[in-house]
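Reader: Hey, I'm new to this one. Could you walk me through it?

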Amino acid sequence: MGDFNVALVIVAAVVSVLVLLVSVYLLVNYQHPDDANQAWFPKLVVVLGITVAVLSILMLPADVANRQACKRAVYSGACALTLPMKTLWLVVYIIDAVLVFLVIPFAMFYYEGDQDKSVGKRLKSALIWVVASAVVCGLVLGILYALIGKVDFTVRHLSSSVQAFPNPNQFGAFTSGQPCIAPLTRQCSANTAPPNSQTTWTMRATFPEYVVALATIVGSVLFTIFGGVGIACLPLSLIFSFVRRPKAVITRSQYIKEATELGKKAKELKKAAEALHQEERSGNKGRKWRKNVKAVEKELLLLENDMNALEEMYPQGEKAEATWAFTVLAYIGKLIFGIVGLIVSIAWVAHIIIYLLVDPPLSSFLNEIFIKLDSVWGLLGTAAFAFFCFYLLIAVIAGEMMLGLKLVFITIHPMKWGGTLMNSFLFNVGLILLCSISVIQFCATAFAYYAQATAAQEIFGHTLQSLRGIKYLYKYNVFQYGFVALAILTLFYYALFVSPFLNYSANSHQIL
């Protein structure tokens, strides 16, 4: 048993290093050429944020493995060299909250600051905004913690009289009909307890746990909206993209015609951008101006996607045939991942309905699948468990991108291979960090049977769901109902308005 725990510690250390290397790889390959060899502080924040987000997702499977390492012990602390999971949870999520509410906003304010100003003035401006935000957040957290930072547990008070222990010859008298000592009632005190024996046991939550709880509430709102939309649109967009793929290379005349139309739209957008820039210089930056800026950003993104689609249909250069072959393979890959994603999405929604929304649950469903996979190989169920958690996080990003394209008041921050600016990087990393807390809480609730007796269950399954003021959101499954409802509405939206049988062309501005 001790050897297994040592191996678990080694695996955790190796995985942490690998996650850090993957974070650096993503930064290097996704960053925009304009940010090469500059913006080092935002890049450091991005790498740290991705690392923390991924490790936080992997910590729940690690928590389960840590529990399994001591399954033969009476209690987890009886095993040597187990990971201090509760401490690690709190440390990771405090770092998460600091990054989301302090460090990332500071980096974004600094990066998006007026380039004409000196570095000192940009730092000062960003610091003022962050300090003001920190003071407000600190006051709100302190007041809320002082007033309602308590946990209310429902308990039942039981008492029983004491009788002489029977001699060994009398043990045969105990049966299912008479399980207790009292010869008259033939029932235990727990069965005969009056209704007024139920009471509430109140204790104050620790401040770190309270910070995690409030951050989870904020993340849960975003997770419910973006995740509910993304769980449906992610696989469907990939499948529809394959259905609407270019079937063959277009002719040169068709390419010139489409390129001419895109050129006209580009000129119109340039004029609109210049007009907005002129308004900015004159100091007219009201709500209407910001709305128009977001509308132009949306049209620019759509135009860029149309240009990429046109280039796909008419590859050029000496390696045009190879480029077309890779394009075909890419669409086949989208189909495969779309089908796998659709199966996972259906499994997720079905599991939420039959395990969380039905009382009592109809089945433990995915919990049983993970347990059976663990019986095949020790880490197989844990790996499947981690995959389902990661899939939820990817669905959140997909949902944010879709709503950003459909709703003007949501700022679009696309992630593009070799074309992502640092402000978009920082925004998406902040979103991932904020929603990762809610993803873990959601998974800890959805897979409570598989993740039972873990430190995550203690934090998210007991303390959070009994916290005064917010426990009713979890008692009545508000987030789960919202998640399923948005998933179903998104499915109907795709069926009615984004049908794969609609006509599609490169200049249609139809983004899936």
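Author: Sure, starting with a term: helices (H or I, at least four residues) and strands (E, at least two) are DSSP runs, numbered from the N terminus. This is a predicted model, where local features need pLDDT of at least 70, side-chain atom pairs count only at pLDDT 80 or more, and totals for chains, interfaces and linings use all residues. Residues are numbered from 1 along each chain as its sequence is written, and side-chain values use heavy atoms, with hydrogens and water left out.

Reader: Cool. Where is Ala-53 found?

Author: Ala-53 sits in helix H2, residues 40-68.

Reader: Is Ala-53 buried or exposed?

Author: Ala-53 is buried, because its relative accessible area is 3%. Buried means under 20% relative accessible area, exposed over 50%, and partly exposed in between (1.4 Å probe, protein chains only).

Reader: And what is Ala-53 in contact with, leaving aside neighbours within four places in sequence?

Author: With those set aside, Ile-432 and Leu-433 are in contact with Ala-53; contact means heavy atoms within 4.5 Å. Tyr-93 lies 40 residues from Ala-53 along the chain, and their C-alpha atoms are 9.4 Å apart.

Reader: What about Lys-43, is that buried or exposed?

Author: Lys-43 is also a residue of helix H2. Its relative accessibility is 6%, so Lys-43 counts as buried.

Reader: Which side chain has a polar contact with the one of Lys-43?

Author: That's Gln-31, at 3.0 Å. A polar contact is a pair of N or O atoms within 3.5 Å; within protein, one must be able to donate a hydrogen and the other to accept it, and residues adjacent in sequence count only if both atoms are side-chain atoms. Beyond four places in sequence, Lys-43 has contacts that include Leu-27, Asp-35 and Met-422.

Reader: Let's zoom out. How many helices and strands does the protein chain have?

Author: There are 14 helices and two strands. The chain has 512 residues, and 40% of them count as buried. Take the contacts between residues at least 6 apart in sequence: 81% of these join residues at least 24 apart.

Reader: Which residues make the nonpolar surface patch?

Author: Phe-326, Val-328, Leu-329, Ile-332, Ile-336, Val-340 and Phe-387 make it, and it covers about 650 Å². Areas come from the Shrake-Rupley method with a 1.4 Å probe; for residues, only the protein chains shown count as cover. Patches are made of residues with over 30% relative accessible area and no salt bridge (a side-chain nitrogen of Lys or Arg within 4 Å of a carboxyl oxygen of Asp or Glu). Like charges are joined within 9 Å, and nonpolar side chains (Val, Leu, Ile, Met, Phe, Trp, Tyr) within 5 Å.

Reader: Which helix gives the most to that patch?

Author: Helix H8, residues 320-357, with six residues. Val-340 is in H8, and it counts as partly exposed because its relative accessibility is 40%.

Reader: Anything odd in the backbone?

Author: Phe-365 has a positive phi, near 45 degrees, and isn't a glycine. Most residues other than glycine have a negative phi. Phe-365 is in the loop between H8 and helix H9 (366-376). Asn-477, another non-glycine, has a positive phi of about 55 degrees, in the loop between helix H13 (471-475) and helix H14 (478-497).

Reader: Last one: how many disulfides does the structure hold?

Author: Zero, where a disulfide is a pair of cysteine sulfur atoms within 2.5 Å. Cys-389 is buried, at 0% relative accessible area.
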